[in-house]
Amino acid sequence: MAFLALYLPSGQAPEGFPPIIVPYPALVVILSLLVLILFIKLQPKQPVIKGVPGPFLDIFCWGIATKLAVISGRSAYQFQMLNQSYGKVARFSAGQATTNTIKALRNIYGAGAGKGSAFLKSSFYRSISRRNIFTASDPGYHSSVRKLFGPSMTPASMDAHAGVVRECILRLHDVIHSKLQTGSTTLSLNDMLYCHSIDTVSEVVLGKSLGCLERGKPYFWTAQLPRIFYWATVRDQFDGSGIPTVMKWLLRRLIRKGIRVRSEEARMQLIHEQLKASHTRRDIMVEVLERAATSGLPESEIAENFSALMLAGFHTTQNALCAVIFFVLTHPESHAKLVRELQSAFTSAEDITGDVVQRLPYLNAVLTEALRLYPPVPLGGPRVSPGAYVDGVYLPAGTEVCTSLFALHHNPDYFNEPYEFIPERWSEGSTDKKEAVQPFLVGSRSCIAKYFAKQMMQFTIAGFFLDFEAEYVGPVKDWQRESRCYAFWDLPDLKLNLRPRPRV
Ligand code: HEM
């Protein structure tokens, strides 16, 4: 039998190629050897973490259940199930563990950045991109970048951008209105909210909207992050097995060449253009460049960090906005209560101001409750133990550990009816443990743009429910269970029936 011919559509060997004859028994031997090599390669390279319970089979089967869950987008549920079955610190492969408690979160992410005591970012981040604010594990480098960008991300600094954010909301509404005028009242908001997130982040950070909303679609390079994260996760899970190398080789040949290189070039070209351009207002880039001279960072590093800052904001914000709209529209009482509160404060999106919107209790309860149920970064980030206790369990140096934000936010020890959307749990009198909700993480590596993200959510959601009457008509009953989780969420269709809301 010609082995080579198996791979040809016609089943024939190409002319001029002498067929390679491999008899079936030899094929079986070769395949068995390959499986054996893979089995040996995937065996744990480090000793099994002692005293940390987890599935017995996963020690010898390479944590296969978790690996399959990661590949198939079920990792958020897999990690949650591990904590439910094995306790607050659960092992999911020989040297990796996941946690779901407030104390563990504080121990891991809140530990000081001092040498020897910090839980540093794992090698997972190195496969995402070059060194930058997001991927760096070196505390010294990270703190110099954080000092450069941090002062432009405080609540007071964000207040100065409120007018720009409101303009972005009005542009979003113009696009929705013009789509409604074409006759269709049913719209899917996923892409529009994604374009809106990109335009708002680029407007505030770089001083220039990328115009994705007007263009009707995002640029190809903006969509790369989930893919990069997905492959970084797969690579991390199968590290040392040879699988990542084979995959890389295959992908290079099967998928358009250099897509990652091209998207990086497009992104950096935009950033370099803006670094040279004259800016018409004090956006974040203007502020950062004023401080840059004292930071000691070369321009190339500053550009790389702007690129990281931008990318980190697109999907996270869109994931959050879509989830809020779904939860509100599928809970009629919350919907009515929210609209009443918004109408008591504003007439339409045009009147929204930052100081008022920050003080609306029900709006902010709705946003936090949606972030609890659907944290845009569901798994927290993997860190390496320096050899320390995590919620009373000793993790030897080198153990990889994370707190699953999804599992923490649904921990029944902290929340009554953890799966239910109940904004009222954020009012006084509720016994729920509110500090267990940390969608932006805690500590020195928490989200630098937390206040910016909150501002975008407050303005977008308030504006949307003031200006539109909406009804969810998509196919999904349970937004959480019907989403796939690949670093960020792969969202269901946010399909709505929409009409402009008459002004009161
Ligand atoms: C609702 C929206 C958002 C959520 C829930 C969120 C959540 C997070 C989380 C959990 C992390 C830590 C990730 C890890 O350690 O692996 C993080 C880091 C980060 N986020 Fe966000 N984020 C949001 C929006 C944004 C936006 C809009 C931007 C930028 C404009 C941004 C920029 C960053 C950056 C640069 C980091 C790395 C910070 C560091 O390591 O010092 N995020 N975010």
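Helix 8 (residues 162-181) packs against helix 9 (190-206) at an angle of about 150 degrees, with 10 Å between their axes. That makes helix 8 roughly antiparallel to helix 9, a label for angles over 145 degrees (under 35 is roughly parallel, 65 to 115 roughly perpendicular, and the rest oblique). The axes here are lines fitted to C-alpha atoms, for helices over the stretch in contact, with angles running from 0 to 180 degrees between N-to-C directions. Helices (H or I, at least four residues) and strands (E, at least two) are DSSP runs counted from the N terminus. This is a predicted model, in which local features need pLDDT of at least 70 and side-chain atom pairs count only at pLDDT 80 or more, while totals for chains, interfaces and linings use all residues. Residue numbers start from 1 along each chain as its sequence is written.

Who touches whom in this pair? On the helix 8 side the contact involves Val164, Val165, Cys168, Leu172, Val175 and Ile176, and these meet Met192, His196, Asp199, Thr200, Glu203 and Val204 of helix 9. Contact means that C-beta atoms, placed from the backbone, lie within 7 Å. By class, the contact has eight nonpolar, two polar and two charged residues. For this split, Ala, Val, Leu, Ile, Met, Phe, Trp, Tyr, Cys and Pro count as nonpolar, Asp, Glu, Lys and Arg as charged, and the others, Gly among them, as polar.

Helix 8 also lies across strand 4, strand 9 and strand 12, at about 90 degrees to strand 12. These strands make an open, antiparallel sheet in the order 4-12-9. Strand 4 (186-188) and strand 9 (468-472) sit at the edges with a single partner strand each, so one side of each is left without a neighbour in the sheet. On average, neighbouring strands of this sheet are turned by 40 degrees against each other, direction ignored. Pairing takes at least two DSSP bridges between two strands. Strand 9 and strand 12 (residues 495-500) are joined by five bridges, with Phe468 partnered by Pro500. Strand 4 is tied to strand 12 by three bridges, and Thr186 has Asn497 as its bridge partner.

A second open sheet has five strands in the order 1-2-8-5-3, with mixed pairing. Its edge strands are strand 1 (89-93) and strand 3 (120-121), each pairing on one side only. Four bridges hold strand 1 to strand 2 (residues 96-99) in an antiparallel run, and Ala90 is matched with Thr98 in strand 2. Helix 4 (residues 75-86) lies across both of these strands, at about 125 degrees to strand 1.

As for the ligand, 24 residues surround it, the closest being Ala312, Gly313, Gly381, Cys447 and Ala449. A residue counts as near if its C-beta atom, placed from the backbone, lies within 6 Å. Helix 9 turns up again here: along with helix 15 (299-329) and helix 20 (450-467), helix 9 supplies at least two residues of the shell. The largest share, seven residues, comes from helix 15. Sorted by class, the shell has 18 nonpolar, four polar and two charged residues.

Key:
Two residues are in contact if their C-beta atoms, placed from the backbone, lie within 7 Å.
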